[in-house]
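Q: Take a close look at the charged pairing in this protein, one pair at a time. Then set it against the parts around it.

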Amino acid sequence: MNVSGTKFGTDFLVDLAGRVETIEDWLTQEQLTTSFNGIPPEKGDHAYIYEHTCDPLAAVMGAMANNPDAALRYFAPSDGDGPFADGDIYLPSPTAQTRMDMLANRKWDDWSVKGLSAAFAGASTLRMPPAPGSDTDDRATWATAHGISILANQDIPSGVAARNTGVMLGNCGPELFAMRNNESADLSINNGVIPPITLGGDETKLENGISTLLYKVAGDSGAANAIAQGAMVYADQSASAAIQANKNDSNFNPITPIQMEYQKAGEVIGML
């Protein structure tokens, strides 16, 4: 299911993931590696493809990288399963909470974590821009918060999983910008570009999770590039929002937010 560029339908992926997440027994990476004696088999020598997980859920989640809407609906369903409050604030349902608990307690290895990280990376892309009257950005932020928490407790090998994690972190602009000076991710200073992650109000847990993931993936060029790109995009959006908000102020200098936001992005890149 993880052929590059292949996109499966949202309904198909969400339904399939919901069905296979109940499967609890599959050959692990260790079992497969042992069966190969540590040597990748020649084509046709074995019923399994080397370096591809046998975890059916991980395979489906890997396909969600090409369909962020499917990833978001799987992690944070909104169709009557997650009610609105005050117009567009997402309140995760018991189903969503139970699913995140399942993912946190599921066993992930170097192969299956590729799929897990791919789905969280996909969902994180929907954090911005916000859509008034819609809970999409809030759902994506809630899912990303759990992605940080869950992935921080996994081994993240270099390559695909590291880059996926970098994409997710790159979509955490408010949090990365705040961490560079031990600040809080305050929306007011960024003109509401994207909603902040809270992890239930536990800011320390959030910072520890992001710091852990930065440490694990910063040495991977693909991950570092994704984080840097995300920081630059967020700087551009924040500066543009500030300029738009002050367009009628004759004393406002548009160069100021541009310099300020890109300096922050540079400091984030400097943390890598």
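A: Start with D11. At 54% relative accessibility, D11 counts as exposed, because the cut-off for exposed is over 50%. This is a predicted model, and each value below is computed from it.

D11 has a partner. R73 forms a salt bridge with D11, and the closest N and O atoms are 2.5 Å apart. The limit for such a pair is 4 Å, so this one qualifies. R73 sits in helix α4 and D11 in helix α1, so the bridge ties together parts that are 62 residues apart in sequence. The two ends differ in exposure. R73 is partly exposed, at 30% relative accessible area, whereas D11 is exposed.

Why can such pairs form at all? Side chains of opposite charge can pair when their charged atoms come close. The protein holds six salt bridges by this rule. Two others are worth a look.

Take R127 and E175. Their side chains meet in a salt bridge, 3.1 Å from N to O. This pair also links distant parts of the chain. R127 is in the loop between α6 and α7 (136–151), E175 is in helix α9 (residues 173–179), and 48 residues separate them. Both R127 and E175 are buried.

Now K264 and E261. Here the salt bridge spans 3.6 Å, N to O. Both residues belong to helix α12, and they are three residues apart, so about one helical turn separates them. K264 is buried, with 9% relative accessibility. E261 is buried too, at 1%. Both values fall under 20%, so both residues meet the cut-off for buried.

Stay on helix α12 for a moment. The helix runs over residues 255–270 and supplies four residues to a nonpolar surface patch, the largest share of it. The patch is made of M232, I255, I258, Y262, I269 and L272. Together these residues have about 440 Å² of accessible area. Y262 is found in α12. Its relative accessible area is 31%, so Y262 is partly exposed. Patch members need over 30%, so Y262 passes that test. Thus helix α12 carries the buried pair K264 and E261 and also part of the nonpolar patch.

Back to the parts that hold R73 and D11. Helices α1 (10–20) and α4 (68–75) are among the elements that cover the buried residues of α3. So are α5 (94–105) and α6 (113–124). Helix α3 (residues 56–63) is mostly covered, with six of its eight residues buried. Those six are L57, A58, V60, M61, G62 and A63. The N-terminal end of α3 is capped by D55. A side-chain oxygen of D55 lies 3.0 Å from the backbone nitrogen of L57. L57 is itself one of the buried residues of α3.

Next come the aromatic rings. There are four aromatic pairs by the rule used here. One is Y74 with F75: the ring centres are 5.7 Å apart and the planes meet at 55 degrees, so the pair is tilted. Tilted is the right class because the angle falls between the 30 and 60 degree cut-offs. Y74 is buried at 0% relative accessible area. F75 is also buried at 0%. Y74, F75 and F120 form one aromatic cluster.

One more charged residue deserves a glance. E207 lies in helix α10 (residues 203–217). At 24% relative accessibility, E207 is partly exposed. Its C-alpha atom is 9.6 Å from that of I148, although the two residues are 59 residues apart along the chain.

Finally, the whole chain. The protein has 12 helices and two strands. In sequence order the pattern reads α-α-α-α-β-β-α-α-α-α-α-α-α-α. Of its 272 residues, 45% are buried. Its accessible surface is about 13,200 Å², and carbon and sulfur atoms account for 50% of that. Among contacts between residues at least 6 apart in sequence, 75% join residues at least 24 apart. The bridge from R73 to D11 joins parts 62 residues apart, and the one from R127 to E175 joins parts 48 residues apart.

Conventions:
Residues numbered from 1 in each chain as written. Predicted model: local features only at pLDDT ≥ 70, side-chain atom pairs only at ≥ 80, totals over all residues. Heavy atoms only, no water. Buried < 20%, exposed > 50% of the residue type's maximum accessible area, 1.4 Å probe, protein only. Contact = heavy atoms within 4.5 Å. Areas by Shrake-Rupley, 256 points an atom, 1.4 Å probe, with all protein chains shown as cover. Phe/Tyr/Trp six-rings, centres within 6.5 Å; stacked < 30°, edge-to-face > 60°. Patch = residues over 30% accessible without salt bridge, like charges linked within 9 Å, V, L, I, M, F, W, Y side chains within 5 Å. Polar contact = N/O pair within 3.5 Å; in protein donor to acceptor, adjacent residues only side chain to side chain.
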